[in-house]
Amino acid sequence: MPALPLITHPRPESILAYRGGESISAGRFLLDARALAARLPVGAHVLNLCSDRYRFSVGLAASLLSGKCSLLPPAHTPEVVRQLCAFAPDAFCLTDDPDCTLELPLLLYRDDADEAGDAARRDAAAAEFRVPRIDAAQLAAYIFTSGSSGAPLPHRKTWGRLVQCVRHEVVRLGPPGRDAAILGTVPPQHMYGFESTVMLPLQSGGALCAGRPFFPADIAVGLRELPRPRVLITTPVHLRALLAADMALPALDLFVSATAMLPVNVARAVERRYAAPLLEIYGSTETGQMAARRTALEDQWQLWSDVRLEFIEERCWAQGGHIEQATPLADVLELRGQNRFVLHGRAADMVNIAGKRSSLAYLNHQLNAIPGVLDGAFFVREDVPASLAGVTRVAALAVAPSLDVSAIVRALRERIDPVFLPRPLLLVEALPRNETGKLPQHALRTLVAQAAARAPHLFA
């Protein structure tokens with residue numbers, strides 16, 4: 001592929017971002033990126049921890065302009081930083097947190113907000129508006145898996161492959177996704193957040209939003225500050241919270257959800273309440289985005305046009321298009337023609353009890369579809385190994401303030417085979433999900449161990 005533009009905004013005054021209620025032009029963005037590139041220290045790898053999405057995006061652009069590679073981990077705990085240092089000993093940290101204490105060389109992001117409205121600066125932005133082109137083969141980032149099921153692993157992403165993937169997303173989202181103001185509830189360091197809240201606006205002529213609202217009221221405030229068309233990039237956890245809070249939102253043109261399978265009843269409830277379509281994205285850190293569906297209307301996923309799926313020794317592999325090499329998928333898929341499939345859940349989540357098969361994803365779907373259940377998750381009982389007990393046993397956690405255990409179990413009996421009923425079912429105040437809505441295994445084990453210590457008879 002040839003060199004590809006850093007941004008696709010046609011004019012220096014085109015709006016590229018919204019931050020603190022103010023708009024930021026494409027010309028200003030390029031000036032900020034070039035100024036930061038001149039400040040970057042020696043070192044080929046940039047640990048970009050800016051939580052402000054605009055600053056993160058400037059950091060990404062500055063790294064690309066200076067030939068550096070961004071490191072995007074799922075967290076920045078001491079253990080993750082230790083692993084990053086082993087992976088990239090020359091790494092330094094770009095941060096907008098003045099209290100950052102990471103044991104790495106630090107570069108604090110510096111805003112030039114006092115100059116932003118200066119006429120001379122605007123004139124400079126217009127005069128110097130030359131959109132850089134980045135070699136498609138240039139290594140843009142290493143993005144790390146979430147670590148929800150183990151240690152985070154790095155995956156290389158070239159600029160060309162990232163752009164190619166996101167251009168397909170623009171086509172799939174349709175008119176609401178072009179030239180839109182995009183508000184995201186997911187961090188830019190996560191693969192989904194990186195593609196859909198940073199790369200998407202940069203490559204669609206749209207505008208990213210610097211903030212990352214978490215609570216329903218904050219999401220509503222963030223959307224009210226934006227012009228239409230408005231797009232909310234979010235997760236099933238945040239969508240459930242919006243519905244539970246009965247939160248009124250300004251008119252939206254599109255919802256986009258990913259990171260976990262979205263229950264059909266939630267998708268339909270969102271579309272009814274907010275009168276906007278909802279698209280669900282399928283992908284992974286390894287492959288990037290590769291398919292989408294309108295969950296309220298269809299159960300089949302449609303692949304990006306140049307991606308192909310193939311079964312090799314009973315495992316599904318993805319290849320073609322932006323996927324640099326054939327990649328095994330962690331999910332169980334059922335192909336429906338050349339470009340469609342049905343998702344049955346993760347291969348590692350398949351359970352077999354008394355000769356009957358199901359998946360944790362399917363069981364979670366049925367649990368979360370029960371009215372009154374705000375959140376819930378099945379898990380395999382690790383304290384009763386199948387090799388010793390003869391069969392696998394599953395248990396479940398549920399957040400359901402208005403229900404008791406017996407009511408949930410009765411509802412489950414109508415939805416799943418009795419062999420998969422949870423033993424036990426535990427009611428909890430909240431599940432320890434991370435900021436993208438995933439349930440890390442170590443956090444789940446800790447919560448289960450605490451419950452077992454409080455009520456050991458339930459685990460007998």
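In the predicted model, N48 is located in strand β4, which spans residues 45–48. The relative accessible area of N48 is 0%, so this residue is classed as buried. Beyond its neighbours within four places in sequence, N48 is in contact with F56, G59, L60, L71, L72, L94 and Q189.

Strand β26 (residues 394–399) is likewise enclosed: six of its six residues are buried, and the strand is therefore largely surrounded by the rest of the structure. In a regular strand, side chains alternate between the two faces of the sheet. Both faces of β26 are covered, with V394, A396 and A398 buried on one side and A395, L397 and V399 buried on the other. Strand β25 (residues 375–380) pairs with β26 in the antiparallel sense over six bridges, and A377 stands opposite L397 of β26. Pairing between β26 and strand β27 (residues 425–427) is parallel and comprises three bridges; here the bridge partner of L397 is L426 in β27. The connection from β26 to β27 passes through helix α12 (residues 405–413), and this β-α-β crossover is right-handed.

Aromatic pairs were then examined. Nine such pairs are found in a search of the whole structure. For F29 and Y54, the ring centres lie 6.0 Å apart and the planes meet at 65°, which places the pair in the edge-to-face class because this angle is over 60 degrees. F29 belongs to helix α1 (residues 26–39) and Y54 to helix α2 (residues 53–65), so the pair ties together parts that are 25 residues apart in sequence. Both partners are buried, as the relative accessibility of F29 is 0% and that of Y54 is 1%. The rings of F255 and Y274 have centres 5.7 Å apart and planes at 45°, and the pair is therefore tilted. With F255 in strand β14 (residues 254–257) and Y274 in helix α9 (residues 264–274), this pair ties together parts that are 19 residues apart in sequence. F255 is buried at 0% relative accessible area, and Y274 also counts as buried, at 9%. In addition, ring pairs link F87, Y142 and F144 into a cluster.

The search of the whole structure also yields 15 salt bridges. One of them joins D32 and R28, whose closest N and O atoms are 2.8 Å apart. These two residues are four positions apart in helix α1 and are therefore separated by about one helical turn; both D32 and R28 are buried. A salt bridge is also formed by R55 and D96, with the closest N and O atoms 3.4 Å apart. R55 lies in helix α2, whereas D96 lies in the loop between β6 (92–95) and β7 (106–108), so the pair ties together parts that are 41 residues apart in sequence. R55 counts as buried at 17% relative accessibility, as does D96 at 14%.

The side chains of R172 and E298 meet in a salt bridge with an N to O distance of 3.9 Å. R172 is part of helix α5 (residues 159–173) and E298 of the loop between β16 (288–293) and β17 (301–303); the pair therefore ties together parts that are 126 residues apart in sequence. R172 is partly exposed at 24% relative accessibility, and E298 is partly exposed with a relative accessible area of 24%. Finally, salt bridges that share partners join R19, D52, R55, D96 and D111 into one network.

Notes:
Residues are numbered from 1 along each chain as its sequence is written. This is a predicted model: local features need pLDDT of at least 70, side-chain atom pairs count only at pLDDT 80 or more; totals for chains, interfaces and linings use all residues. Side-chain values use heavy atoms; hydrogens and water are left out. Buried means under 20% relative accessible area, exposed over 50%, partly exposed in between (1.4 Å probe, protein chains only). Two strands pair if DSSP finds at least two bridges between them. A crossover is right-handed if, with the strands pointing away from the viewer, the path from the first strand over the helix to the second runs clockwise. Rings of Phe, Tyr and Trp (its six-membered ring) pair if their centres lie within 6.5 Å; planes under 30 degrees apart count as stacked, over 60 as edge-to-face and the rest as tilted. Contact means heavy atoms within 4.5 Å. A salt bridge is a side-chain nitrogen of Lys or Arg within 4 Å of a carboxyl oxygen of Asp or Glu.
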